[in-house]
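Biologist: Could you walk me through this model step by step? I am new to reading structures, so please explain the terms as we go.

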Amino acid sequence: MKQSRTRMYLSYGLMGGLMGYVIARIGFGDYDELHSMFILEDLRMLYAFAGAVALSLLGFIVLARRIPKQEKFFQPGTIPGSMLFGFGWAVCGACPSMVFIQLGAGKIPAVMTMVGIVLGVYLHKKVHARYFRWDTGSCVSD
Amino acid sequence: MEYWPWWVGALALGGVSLAYLLLIGKMLGVSGSWAKVVGWKEDRELARSAAELEDADDGEIEDALLAATLAEFGAGAMDEKSIDETPDSGATETTATQTVTHTPWTAHLTFLLAMFIGGLIAALTSGQFEIELQLSDTHSRIFGGSMEIWLSLLFGGMMVGFGTQMAGGCTSGHGLSGCARLIPASLLSTVVFMFSAIGLSLLMEAAI
């Protein structure tokens with residue numbers, strides 16, 4: 001039990017480190033690069049992302065038996081939530097992982113983005129429990 | 001300041017999403033990790049009650065359930081107890097196996113913090129590291145003064161936090177893991193957030 005716990009923390013740490021490194025080297029932590037993608041000036045990162053999806057698609061076909069049963073599904077928040085996320089992303093240049101890359105590159109104001117994300121997630125938790133109460137099928141539910 | 005060409009990035013990012021599935025056994029999804037870290041209190045209580053359930057012997061659980069049933073429905077409910085007994089014991093068993101695979105919120109925190117370290121290493125080794133009081137030249141050009149920069153980031157961050165939770169995923173959960181499995185909700189979500197971001201960026205560009 002003790003050893004599997006250590007292994008679990010090491011796995012999560014290793015995956016986080018790898019993902020941070022890769023995202024940073026693609027350039028997703030750089031608002032200049034991101035903005036030039038969003039105004040359709042330089043689509044390099046969009047191709048990188050699409051290529052990653054294509055590669056994952058092939059990989060998931062091979063690994064089909066290992067994929068957990070849990071599915072994402074339509075729910076009332078899918079469209080308004082995605083819109084809100086898209087607008088926020090265009091403004092602060094950070095999706096929930098890119099904020100760490102910005103901080104890692106030494107961008108001090110990204111601290112503010114981080115505070116914002118924590119507030120946003122917390123606010124959603126409260127608002128959801130009070131008013132929405134639909135199943136969000138969020139990424140990790142265990 | 002050299003970034004990877006698109007195909008190196010595609011190989012590496014696709015590799016990360018596959019490695020995550022192989023090593024951790026779940027689909028990659030960063031906003032889910034955020035939700036677990038921000039909701040650490042609930043997660044801690046869940047883990048505690050799971051541990052209590054595991055430690056307590058079956059007789060103890062049964063007595064507690066019995067007492068709770070009596071308090072809730074009165075003695076009348078007990079008449080049906082003998083009928084329900086067999087399916088009841090089965091239900092307890094499945095709950096017990098489910099709680100064993102519970103991932104504590106600290107593992108998700110480790111994941112997020114490691115992402116910062118990975119980004120830091122990438123920035124240091126590729127000469128991109130630079131302490132700056134602005135996000136980037138373009139960001140400052142769009143938002144102007146330092147007050148506006150900090151406020152835009154706070155509100156942008158709040159929209160990202162609230163929006164990803166509401167949509168049930170973000171770039172990694174819907175965009176990468178979901179689209180690669182051709183899940184309709186993820187494809188829709190990805191199209192919506194990409195076009196929202198593109199639309200607003202074009203508007204911001206036109207407004208300066």
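Modeller: Happy to! Let us begin with a term: two residues are in contact if their C-beta atoms, placed from the backbone, lie within 7 Å. This is a predicted model, in which local features need pLDDT of at least 70 and side-chain atom pairs count only at pLDDT 80 or more, while totals for chains, interfaces and linings use all residues. Residues are numbered from 1 along each chain as its sequence is written, and chains are lettered from A and ligands numbered from 1 in the order in which they are written.

Biologist: Among contacts in chain B between residues at least 6 apart in sequence, what percentage join residues at least 24 apart?

Modeller: Take the contacts in chain B whose residues are at least 6 apart in sequence, and pick out those that join residues at least 24 apart. Their share is 61%.

Biologist: What pattern does chain B follow along the sequence?

Modeller: Helices (H or I, at least four residues) and strands (E, at least two) are DSSP runs, numbered from the N terminus. Chain B has 10 helices and 0 strands. Its pattern along the sequence is therefore written with helix symbols: α-α-α-α-α-α-α-α-α-α.

Biologist: And how many helices does chain A have?

Modeller: From the N terminus on, the elements of chain A run α-α-α-α-α-α. With 0 strands, the helix count of chain A is 6.

Biologist: What share of the residues in chain A is buried?

Modeller: A residue is buried if 20 or more other C-beta atoms lie within 10 Å of its own, exposed if 12 or fewer, and partly exposed in between, with C-beta atoms placed from the backbone. In chain B, 40% of the 208 residues are buried. For the 142 residues of chain A, the share is 51%.

Biologist: How many residues of H4(B) are buried?

Modeller: H4(B) covers residues 58–73 and reaches 22 Å from its first C-alpha to its last, close to the 22 Å expected (1.5 Å times one less than the number of residues). The helix lies largely in the open, because of its 16 residues the number buried is 0.

Biologist: How many of the 15 residues of H4(A) are buried?

Modeller: H4(A) reaches 21 Å from its first C-alpha to its last, and A:Gly93, with a positive phi near 65 degrees, follows it. This helix is mostly covered, and its number of buried residues is 13.

Biologist: Which helix of chain A gives the largest share of the side that touches chain B?

Modeller: In total, 98 residues of chain A are in contact with 109 residues of chain B. Among the elements of chain A that give two or more residues to this side are H1 (2–26) and H6 (110–132). The largest share, 16 residues, comes from H1(A).

Biologist: How do H4(A) and H8(B) lie relative to each other, roughly parallel or roughly antiparallel?

Modeller: Axes are lines fitted to C-alpha atoms, for helices over the stretch in contact, and angles run from 0 to 180 degrees between N-to-C directions. H4(A) (residues 78–92) and H8(B) (residues 146–167) pack at about 155 degrees, with their axes 7 Å apart. Angles under 35 degrees count as roughly parallel, over 145 as roughly antiparallel, 65 to 115 as roughly perpendicular and the rest as oblique. The two helices are therefore roughly antiparallel.

Biologist: At what angle do H6(A) and H2(B) pack?

Modeller: Here the axes are 10 Å apart. H6(A) is roughly perpendicular to H2(B), and their angle is about 75 degrees.
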